[in-house]
Amino acid sequence: MRATITATARYIPERVMTNFDLEKIVDTSDEWIRSRTGIETRHLVKDGEATSAMGTHVARELLEKTATSPEEVDAIIVATVTPDMMFPSTAALIQNAIGASKAWGFDLSGACSGFLYALDTGARLVESGKYQKVLVIGADTMSSILDFTDRNTCVLFGDGAGGVLLEPTEGDSGILDSILRIDGSGAPYLNMPAGGSLHPASHETVEKRMHYIRQDGKAVFKFAVKGMADISAEILERNGFQGSDLKLYIPHQANKRIIDAAAKRCGLHPDQVLININKYGNTTAGTIPIGMSEASDEGRLEPGDLVLLAAFGAGFTWGSLLLRWDHAK
Ligand code: ACO
């Protein structure tokens, strides 16, 4: 028995921030951002809207599309680095909002690879035979941890959420294989220093702007290009596939140049690669499920299509996952 995706959904907040809007806030330019990253706009939550609210929109749509009642949900896994609060988990808040009275769930912290970690974990729950309906959501409110005085980071990210419903199948579709990795020696290059148990919130941490993302972009770029390209090629190879066998490559959207390098390594044609970083920027755990949901709605995926997902993010974390598309709604 395999786990398969029976529905996809996404939530993109309405408010749009363009590169030109950013030009008014920090010393940057539309030309710099577009040429270095591929980003043109990103969407941001409104005041009072947070990660669980976006995840709840996604969860409700998944249930509606599949005519699933909330009581049927067995588990909720939320990949995020921007939970509404340290605890309780975003999964708990979403469970309550949708009324999933028989579910359990948890948040998973894998940064930009979070959704892949969560999807693989959810698939194992379903494959165990114990759970039949698992909601897997990737959601991040990156604007809540962005320093809008730091041009090195604030231009790169946006807010958004996406998710899937996983169910068992006896057929040929579903999650075929995954490779997931972590290497904490990458921690100094991309992190948010304060707000955890090492540096709890204090006047000093706030004054030193330690509650925001810090990134050595060049170092992360170097690791990301190699990490995502290698792990994408590795999973194809070990399953006996070539790039030409893929219908769609849905990579994490951190930088168009990272995606292009990974696609080239796998020998892919641009038509085989999903790119939406121009619209949303890097929504961290949101990018891959948002991409799957868009591809599905745009009719880019048919049952039986081979799809490759890949990501690289803070940790460092990285991974790839191969699946055969089902009749997902
Ligand atoms: N506008 C204008 N100039 C800028 C900006 C900006 N927004 N940001 C940085 N610069 C400047 C820098 O200060 C630097 O100037 P200097 O050379 O005078 O010091 C210069 O631009 C750097 O330029 P490049 O070398 O061309 O920048 P690079 O090609 O490295 O691109 C970028 C920078 C986009 C950040 C890239 O390194 C990158 O994408 N890194 C990876 C990001 C990533 O993948 N993160 C992982 C996922 S995130 C997660 O897990 C939460």
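# Two sheets, one helix face and some odd backbone spots

S52 sits in helix α3, which covers residues 51-65. The model is a predicted one, so treat what follows as a tour of computed geometry. We'll start with two buried polar residues, S52 and Q272, then go through the two open sheets, the packing of α9, and a few unusual backbone spots.

**Two buried polar side chains**

- S52 has a relative accessible area of 11%, and because the cut-off for buried is under 20%, it counts as buried.
- What does the side chain of S52 make a polar contact with? Its partner is the side chain of D84, at 2.6 Å.
- D84 also turns up in the wider contact list of S52, along with T90, L93 and I94, once neighbours within four places in sequence are left aside.
- Q272 is found in the loop that runs between α9 (256-265) and α10 (277-280).
- Despite that loop position, Q272 is buried, with 12% relative accessibility.
- The Q272 side chain reaches the backbone oxygen of G243 at 3.0 Å.
- Skipping residues up to four places away in sequence, Q272 touches G243, S244, L246, K247, L248, Y249 and G267.

**The five-stranded sheet**

- Five strands make up an open sheet with mixed pairing, and their order is β1-β7-β6-β4-β5.
- Why is one side of β1 (2-11) and of β5 (104-108) left without a neighbour in the sheet? Both stand at the edges and have a single partner strand each, so there is nothing in the sheet on the other side.
- From one strand to the next, the twist averages 20°.
- Helix α4 (residues 90-98) packs on this sheet and touches β4 (75-79), β5 and β6 (134-141). The direction of α4 makes about 130° with that of β4.
- β1 pairs with β7 (residues 159-169) in the antiparallel sense, over nine bridges.
- Within that pairing, T8 stands opposite V164 in β7.

**The four-stranded sheet**

- The other open sheet has four strands in the order β8-β13-β12-β11, again with mixed pairing.
- Which strands are at its edges? They are β8 (174-182) and β11, and each pairs on one side only.
- Here the twist averages 10° from one strand to the next.
- Helix α5 (residues 114-127) packs on this sheet, touching β8, β12 (306-313) and β13, and its direction makes about 130° with that of β8.
- β8 and β13 (residues 317-324) run antiparallel and are joined by eight bridges.
- One spot to look up in that pairing is I179, which stands opposite S320 in β13.

**Helix α9 and its surroundings**

- In α9, the residues I258, I259, A262 and A263 are buried.
- Looking down the axis of α9, the buried residues fall within an arc of 130°, so they line one face of the helix.
- The background is simple: an α-helix has 3.6 residues a turn, so residues three or four places apart point the same way.
- What do the buried residues of α9 pack against? They pack against α8 (217-238) and β11 (248-251).
- At the start of α9, a side-chain oxygen of N255 comes to within 2.8 Å of the backbone nitrogen of R257.
- Just after α9, G267 takes a positive phi of about 70°. G267 is also one of the residues that Q272 touches.

**Unusual backbone geometry**

- As a baseline, most residues other than glycine have a negative phi, and most peptide bonds are trans.
- F87 and P88 are joined by a cis peptide bond, with omega about 0°. P88 is in the loop between β4 and α4.
- Another cis peptide bond joins G315 and F316, with omega about 0° as well. F316 is in the loop between β12 and β13.
- A67 is not a glycine, yet has a positive phi of about 50°. The loop between α3 and β4 holds A67.
- A111 isn't a glycine either, and has a positive phi of about 50°. This residue is in the loop between β5 and α5.
- Which of these is buried and which exposed? A67 is exposed, with a relative accessible area of 72%, whereas A111 is buried at 11%.

How values were computed
Residues are numbered from 1 along each chain as its sequence is written. This is a predicted model: local features need pLDDT of at least 70, side-chain atom pairs count only at pLDDT 80 or more; totals for chains, interfaces and linings use all residues. Side-chain values use heavy atoms; hydrogens and water are left out. Buried means under 20% relative accessible area, exposed over 50%, partly exposed in between (1.4 Å probe, protein chains only). A polar contact is a pair of N or O atoms within 3.5 Å; within protein, one must be able to donate a hydrogen and the other to accept it, and residues adjacent in sequence count only if both atoms are side-chain atoms. Contact means heavy atoms within 4.5 Å. Two strands pair if DSSP finds at least two bridges between them. Axes are lines fitted to C-alpha atoms, for helices over the stretch in contact, and angles run from 0 to 180 degrees between N-to-C directions. The arc is that of the directions from the helix axis to the C-beta atoms.
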